[in-house]
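Biologist: Could you walk me through this model, starting with the whole chain and then going residue by residue?

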Amino acid sequence: MKSIAELAAALVAAHEGAPLLDQVPEHLLPADLDAVYALQDEIIAQIGPVGGWKVAAGLGDPPLCAPIPADRFLATADLIDGEKQRIFLAEIEVAVRLGSDLAGGALPEAVEAAIASLHPAIELIANPFVDRDATPRNLQLGDLQSNGAVIVGRAMDRTMVDALASLPVTLELDGKPTHTVSKGASWDDIVGAITWLAGHAEQRGHSLRAGQEIITGARALAPLNGAKMIEGVLGEWGRVNCGV
């Protein structure tokens, strides 16, 4: 493995059942966020187009982010091969769907207007590495922040925006509540993160487009530990589920 293109290809392949990555040459390990995002962009160049993004709303200034390929956005009825795709952890999140394009420099008011709907979502986290604990964090971030797949549920009532900061969210595995939280990114946090993301994505050549979905950060999460059914319950506002 001699180039970032070869590293990206190996990561893509490992997410589809090819051999796990073990030793990555030192010169290919991302040294900073610029290098992290360069690796992400190479992955997208190989498997794109971009279907949406993940951004950690309310965490960090600026927040961490990653584009998500369109083919990793799945419906609840889609068959997910959790073993082949190395899925090991599930996160319950709030997603937004854009109803119009967003250019860099858009004001928060324009961002709010561009958000067509809010949805419950499951992000499935995958591990393409032989020893994840020994894998440098920047390499994990460069691997599209370990994204394996995203399942987006039905739109929720828009009035829920006032409840986001204290939204009760439960992750259920095989029908059993596994992790419950009651706080997360507020509406202002989410709008602020997407306002920043519009400029960042444009600079990287991946401008935000109508129809794209953006997940806004993990709320409830847990390792699967062999579980086959995953469900996220967002208070009385919505549910989303999938099988692996």
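**The chain as a whole**

Modeller: Of the 244 residues of the protein chain, 53% count as buried, where buried means under 20% relative accessible area, exposed over 50% and partly exposed in between, with a 1.4 Å probe and protein chains only. This is a predicted model, in which local features need pLDDT of at least 70 and side-chain atom pairs count only at pLDDT 80 or more, while totals for chains, interfaces and linings use all residues. Residues are numbered from 1 along each chain as its sequence is written, and side-chain values use heavy atoms, with hydrogens and water left out.

Biologist: How many helices and strands does the protein chain have?

Modeller: The protein chain has five helices and twelve strands; helices (H or I, at least four residues) and strands (E, at least two) are DSSP runs numbered from the N terminus. Its radius of gyration is 17 Å, close to the 18 Å that the globule rule gives for 244 residues, so the protein chain is as compact as a globular protein of that length. That radius is taken over C-alpha atoms, and the globule rule is 2.2 Å times the number of residues to the power 0.38.

Biologist: What does the C-alpha trace span along its principal axes?

Modeller: The C-alpha trace spans about 50 × 45 × 30 Å along those axes. Among contacts between residues at least 6 apart in sequence, 74% join residues at least 24 apart, a contact being heavy atoms within 4.5 Å.

Biologist: And the surface, how much area does the protein chain expose?

Modeller: About 10800 Å² is exposed by the protein chain, and carbon and sulfur atoms supply 51% of it; the areas come from the Shrake-Rupley method with a 1.4 Å probe, and for residues only the protein chains shown count as cover.

Biologist: Moving to the backbone, which peptide bond ahead of Pro49 is cis?

Modeller: The bond from Gly48 to Pro49 is cis, with omega near 5°, and Pro49 lies in the loop between helix H2 (33-47) and strand E1 (50-55). The peptide bond from Asp61 to Pro62 is also cis, with omega near 5°, and Pro62 is placed in the loop between E1 and strand E2 (65-69).

Biologist: What is phi of Arg86, and where is that residue found?

Modeller: Phi of Arg86 is near 60°, a positive value in a residue other than glycine, and Arg86 is found in the loop between strand E3 (73-74) and strand E4 (87-98). Asn225 likewise has a positive phi, of about 50°, although it is not a glycine; Asn225 lies in the loop between strand E10 (220-223) and strand E11 (229-234).

Biologist: Is Asn225 buried or exposed?

Modeller: Asn225 is exposed, with a relative accessible area of 73%. Asn127, by comparison, is buried at 16%, and Asn127 sits in the loop between strand E5 (115-126) and helix H4 (137-142).

Biologist: What is Asn127 in contact with, away from its sequence neighbours?

Modeller: Leaving aside neighbours within four places in sequence, Asn127 is in contact with Leu20, Arg86, Phe88 and Arg132, so Arg86 comes up again here as a partner of a buried residue. The side chain of Asn127 also reaches the backbone oxygen of Phe129 at 3.0 Å. A polar contact of this kind is a pair of N or O atoms within 3.5 Å; within protein, one must be able to donate a hydrogen and the other to accept it, and residues adjacent in sequence count only if both atoms are side-chain atoms.

Biologist: Now helix H5, what does the side chain of Thr195 reach?

Modeller: Thr195 is found in helix H5 (residues 187-203), and its side chain reaches the backbone oxygen of Val191 at 2.7 Å. Not counting residues up to four places away in sequence, Thr195 touches Ala106, Pro108 and Val111.

Biologist: Last one, where is His179, and which residues is His179 in contact with?

Modeller: His179 is in strand E8 (residues 176-181) and counts as partly exposed at 25% relative accessibility. Beyond its neighbours within four places in sequence, His179 is in contact with Val169, Thr170, Leu171, Arg219, Ala220 and Leu221, and the side chain of His179 reaches the backbone nitrogen of Leu221 at 2.9 Å.
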